[in-house]
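Student: I would like to learn how to read a few features in a protein model. Could you walk me through them, one at a time?
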Amino acid sequence: RIDDLTYHSSGEPGLCVSEPSPNGRKLRTAPQANLEIINHLQDPDVLRSMERADVLHLTSLLEDPTDIGSSGIADAVASFVQRTKDANPNLIVSLDPGDPWVKLRGTDALKYLYSQADLLFVNSQEFEELTGTDTEATYPARSLRRLCPNGTAVILKYFDRIVVQLPTGFDLARI
């Protein structure tokens, strides 16, 4: 069951563009197109729906981390997760940080979101930036332990395969 908590912006729709790059693709959106999410996350109906949820999937909403207000989105999402986890401690948190939240990982909000992640989805470029090592490096050089709790399943998304590993860098599966 999926609750429909769709929010329709009162503003102009943002433009989203996907561009090919050597490491996959780059997604771009209109500056500040996602700022309205901050108010949406404060809606009591949204929080109430999360009290019954099994999984909460989070993403960076593609905002440019250098744009004014971008860290405010991460702050609002972190606050929402904290309120949600207080109301529903068994909630599974799935995090797909995307490039913006990889770049902002040192902020308090993003440190908190990484620490709450039960599932972490990253592509090879994001993984390399988070760990400071190539995705093909050997265990334990690929460790994400400083960001994620020990129980987090890290899902590395490649063009031709998926690797599931622990935050220590130990592979659980290669598909």
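Student: Let's start with Gln165: is this residue buried or exposed?

Tutor: This is a predicted model, and burial is read from relative accessible area, with under 20% counting as buried. Gln165 has 0% relative accessibility, so it counts as buried. Its place is in strand E7, which covers residues 162-165.

Student: Which residues does Gln165 touch, leaving out those up to four places away in sequence?

Tutor: Its contacts include Thr152, Ala153, Val154 and Leu156. Gln165 also touches Phe127, Arg142, Phe170, Asp171 and Leu172. For Ala153 there is a distance as well: the two C-alpha atoms are 5.9 Å apart in space, while the residues are 12 apart in sequence.

Student: Good, now the overall layout. How many helices and strands are there in the protein?

Tutor: The protein has 6 helices and 8 strands. Following the sequence, you meet them in the pattern β-β-α-α-β-α-β-α-α-β-α-β-β-β.

Student: And what share of the residues is buried?

Tutor: Of the 175 residues, 38% are buried. For the outside, the accessible surface comes to about 9,900 Å², and carbon and sulfur atoms account for 53% of that. Contacts add another view: among those with a separation of 6 or more, 62% join residues 24 or more positions apart.

Student: Salt bridges next. What is the general idea?

Tutor: Side chains of opposite charge can pair when their charged atoms come close. In this model, a search of the whole structure finds 6 salt bridges. Let's look at some of them.

Student: Where do Asp45 and Arg48 lie?

Tutor: Both are in helix H2, residues 44-50, and they sit 3 residues apart, about one turn of the helix. Their side chains meet in a salt bridge with an N to O distance of 2.3 Å. Asp45 is partly exposed at 43% relative accessible area, and Arg48 is also partly exposed, at 42%.

Student: Which residue forms a salt bridge with Asp96?

Tutor: That is Lys157, and the closest N and O atoms of the pair are 3.3 Å apart. Asp96 belongs to strand E4 (residues 92-96) and Lys157 to strand E6 (residues 153-157), so this pair ties together parts that are 61 residues apart in sequence. On accessibility, Asp96 is buried at 18%, whereas Lys157 is partly exposed at 32%.

Student: What about a salt bridge involving Asp160 and Arg161?

Tutor: The side chains of Asp160 and Arg161 meet at 3.0 Å, N to O. Asp160 is exposed, with a relative accessible area of 63%, while Arg161 is partly exposed at 22%.

Student: Over which ring face does Arg161 lie?

Tutor: Look at Tyr158: Arg161 lies over the face of that ring, 3.8 Å from the ring centre. So a useful reading habit here is to check a charged side chain for ring neighbours as well as for a salt bridge, because a charge counts as over a ring when it is within 6 Å of the ring centre and within 35 degrees of the ring normal. As for rings paired with rings, the structure holds 0 aromatic pairs.

Student: Which residues make the nonpolar surface patch?

Tutor: Tyr139, Phe170 and Leu172 make a patch of about 320 Å². Tyr139 is in the loop between H6 and E6, and it is partly exposed, with 45% relative accessibility. You have already met Phe170 and Leu172 as contacts of Gln165.

Student: Where is Thr133 found, and what does this residue touch?

Tutor: Thr133 is in the loop between helix H6 (124-131) and E6. It is buried, with a relative accessible area of 17%. Leaving out residues up to four places away in sequence, Thr133 touches Phe127, Glu128, Ala141 and Arg142.

Student: One last residue: is Ser124 buried or exposed?

Tutor: Ser124 is buried, at 18% relative accessible area, and it lies in helix H6. Beyond four places in sequence, its contacts are Thr135, Lys157 and Tyr158. Two of these names will be familiar: Lys157 from the salt bridge with Asp96, and Tyr158 from the ring under Arg161.

Key
Residues are numbered from 1 along each chain as its sequence is written. This is a predicted model: local features need pLDDT of at least 70, side-chain atom pairs count only at pLDDT 80 or more; totals for chains, interfaces and linings use all residues. Side-chain values use heavy atoms; hydrogens and water are left out. A salt bridge is a side-chain nitrogen of Lys or Arg within 4 Å of a carboxyl oxygen of Asp or Glu. Helices (H or I, at least four residues) and strands (E, at least two) are DSSP runs, numbered from the N terminus. Buried means under 20% relative accessible area, exposed over 50%, partly exposed in between (1.4 Å probe, protein chains only). Rings of Phe, Tyr and Trp (its six-membered ring) pair if their centres lie within 6.5 Å; planes under 30 degrees apart count as stacked, over 60 as edge-to-face and the rest as tilted. Contact means heavy atoms within 4.5 Å. Patches are made of residues with over 30% relative accessible area and no salt bridge: like charges are joined within 9 Å, nonpolar side chains (Val, Leu, Ile, Met, Phe, Trp, Tyr) within 5 Å. Accessible areas come from the Shrake-Rupley method with a 1.4 Å probe; for residues, only the protein chains shown count as cover.
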